[in-house]
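Reader: Hi! Could we go through the aromatic rings in this one together?
Author: Happy to, let's have a look.
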Amino acid sequence: MIRKRFHQHWVFQAPEAILTCNILNCNKNQYLVFGGHDKSLYLMDFDLMILDDLEFDGWVRCSYPADLNGDDCDELLVGTGDGRCLVVKLDPKTQKLSGLMNYKAEGKISCCVAGDFYRDGNLELIFGGEDKTLKIFKNIKSKKPLLTFYYDSWVTCCDLGYMKLPKTSKPQHCLVVGTKNGSLQMIRILDGLPDIVWQTQVYGQINDVKIADVSKDGYNEIIIASSDQYIKVYNSLGKRLKFIKIEKMKPKVRLNRPKTLLVEDIDGDKAKEIVVGCADGSIRVYDCDELNSLDYTLKWSTRFSASIKSICSYINREEKLRHLIFGGYERTMRNITDFETGQKKILKIPVRFNIRQIPVKKEKEEEVEAVPTNLRGYIINLLEKKGFYLTIDLLTKELLKEGYSKDQIEEEIEQMKTERTMQYGKVDIHAWTYNSEEIEEAIDQEIIKIVEDPEDFLPEEDIIVDDEASKDENIGGEVSEKNDAEDEHKSDEDRDDSSDDLAEDEDDDSVEDLVEDEDEHETKSQLDYAPKDDDKIEEKTTSVEEKKLDPYNETQSDENINLNERKKQDAVSKSTKTSSSRNQKENRRDTSEGSRDGAYNGRNKLEKILIEHLKDKKLVSSKSKFINSILSLHDYNEEKIEKTIDLLKENNVIKYSRSKPSGWSLVN
């Protein structure tokens, strides 16, 4: 007869191998966090819905939850495969994760833990790893470790707990550290300074370590999982008390090394069981039903297809059951409960001492600024804060300070350029900026606010007159050639002032005054001088026949513009860009006249194509997707499409909305 020993509640298929999982408590709510080979940390509720995820630059190798600031919501320490020591915060309102601390160490981070090591109301942050060090940080604001301990091999595991030491009346808060070569060390704080209590050799790589009362005598022991296929128990003096041999489940299977530990009461008898996850894919539960005893025997075991790397547990408040959650290289997480929960006799374990709880020092959330958790986040953060970089080398120099290599930076920047999430554009000068549709829309709105009376900014050169008629009539009064030159000079000064204002805004790190490329800059400069009402232009002109240009007729020559001002511009060698700018202004006057009488249906084939495309698609999420869609269907160059999109937007034919669903659409 087969006896059922556990109940499996659910199985969750993860995207990649799982290296760590933990329970995050926040305002009486519980969440599951896990991560691994896909370099992401996932936040999940117990309906198995992924609420958020956070990307890193290396594998997520370890995690540890702790309420660092006393707000009843756990933060999460995270160690990654590229040497990052991080702290992550959950926003309970949005259920989103964000970074609070990001410190770069050498090599992989193998273990992390947090606790009030100094007993001063502040929770220290502890990380150990491949660089053969254990680093202790005072808090999340620390720029460097408070203490660093050095070892002769990798630090593979660490834990904090209270131990009863000889000649002490009070329990000591101790840190236990295990290494790859089998060194086991216990450290305490004595008179404000670190004190190594003892160090011993356990003969085998230490894969995990826990501090808990497994003898059921009221005092904690140290439990380790070592690669020599044993679970070993030590007392507070470093003396070995117990061996538990991990037997092979199958004769030919040699991967019975214990990889991870959980020491908790899983069956409700108040005594702690030792739960072991092994390299052969097995979960084994060891139990002892007697007080003052270490006679642990195998209670039950089960085996899955790949190595178990992490085990955590939580209590279901409604069922009052402790659930085990575990995962590993099988790329699944499973939730199980012991079948004997509530059926065993409760043991009365003595309480030897009461530990005085020191209130955690509360920190104001606004004092801590969120930090990126990966290289791309740092790039975006720098571009958004500083606005732009003149060269990639300047941006690279800043990123090198964050611990990234030049090769990593160059690879990520090339990827972002390919995705068009960053691009080389023109503000007052060419510079590298972060490409955002929201930034583009904000710039347009800001410039529209600045131009309160466009007529005051309209240069005389923009008034098109007949050469013969100008001899008989004055336009806006008698204007001498000298005054024309002064006006022209003044117009240039206005442009210089505008450029200076933009430069000052850039110095103040104003993101809203960025222009992403040369065409955007030309369009916005023209808006400063563009009229809002064509009737005002007609007041400045007498009975003069205006000659209008088609900006999309590439064969049309500038000679078709018959005006005295143009001749003066040729005399002072005006650039081709000025001529192009004038044509675009004329085009806006033409299109604005055409839009007075009703709906704007497009003046040429390309405009009609863009309008029909939006009628068909309803919404296009970004300008780049809009342009690429047209390029794939029609034979137009990218620059021409982009200018036409801007023209239609200026004439209120199409729009870009930042509210969800965001994107380009027709104006209703």
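Reader: Which residue lies over the face of Trp154?
Author: That's Lys180, at 4.4 Å from the ring centre. Bear in mind that this is a predicted model.
Reader: Good to know. And what sits over the ring of Tyr404?
Author: The charged end of Arg84 does, 4.3 Å from the centre of the Tyr404 ring.
Reader: Switching to ring-ring contacts: how many aromatic pairs does the structure hold?
Author: There are 11 aromatic pairs. One of them joins Tyr103 and Phe137, with ring centres 5.0 Å apart.
Reader: Why is the pair of Tyr103 and Phe137 edge-to-face?
Author: Their planes are at 65 degrees, and over 60 counts as edge-to-face, so the pair falls in that class.
Reader: Where do those two sit in the chain?
Author: Tyr103 is in strand β9 (residues 96-104) and Phe137 is in strand β12 (residues 133-137). They are 34 residues apart, so the pair links distant parts of the chain.
Reader: Buried or exposed, Tyr103 and Phe137?
Author: Tyr103 and Phe137 are both buried.
Reader: Nice. What about Tyr230 and Phe243?
Author: Those rings have their centres 5.2 Å apart and planes at 65 degrees, so that pair is edge-to-face too. Tyr230 belongs to strand β20 (residues 230-234) and Phe243 to strand β21 (residues 240-245), 13 residues apart.
Reader: What are the relative accessible areas there, starting with Tyr230?
Author: Tyr230 has 27%, which makes it partly exposed. Phe243 has 39% and is partly exposed as well.
Reader: Last one: which residues form one aromatic cluster?
Author: Phe12, Phe34 and Tyr42.

Key:
Residues are numbered from 1 along each chain as its sequence is written. This is a predicted model: local features need pLDDT of at least 70, side-chain atom pairs count only at pLDDT 80 or more; totals for chains, interfaces and linings use all residues. Side-chain values use heavy atoms; hydrogens and water are left out. Rings of Phe, Tyr and Trp (its six-membered ring) pair if their centres lie within 6.5 Å; planes under 30 degrees apart count as stacked, over 60 as edge-to-face and the rest as tilted. Helices (H or I, at least four residues) and strands (E, at least two) are DSSP runs, numbered from the N terminus. Buried means under 20% relative accessible area, exposed over 50%, partly exposed in between (1.4 Å probe, protein chains only). A charge sits over a ring if NZ of Lys or CZ of Arg is within 6 Å of the ring centre and within 35 degrees of the ring normal.
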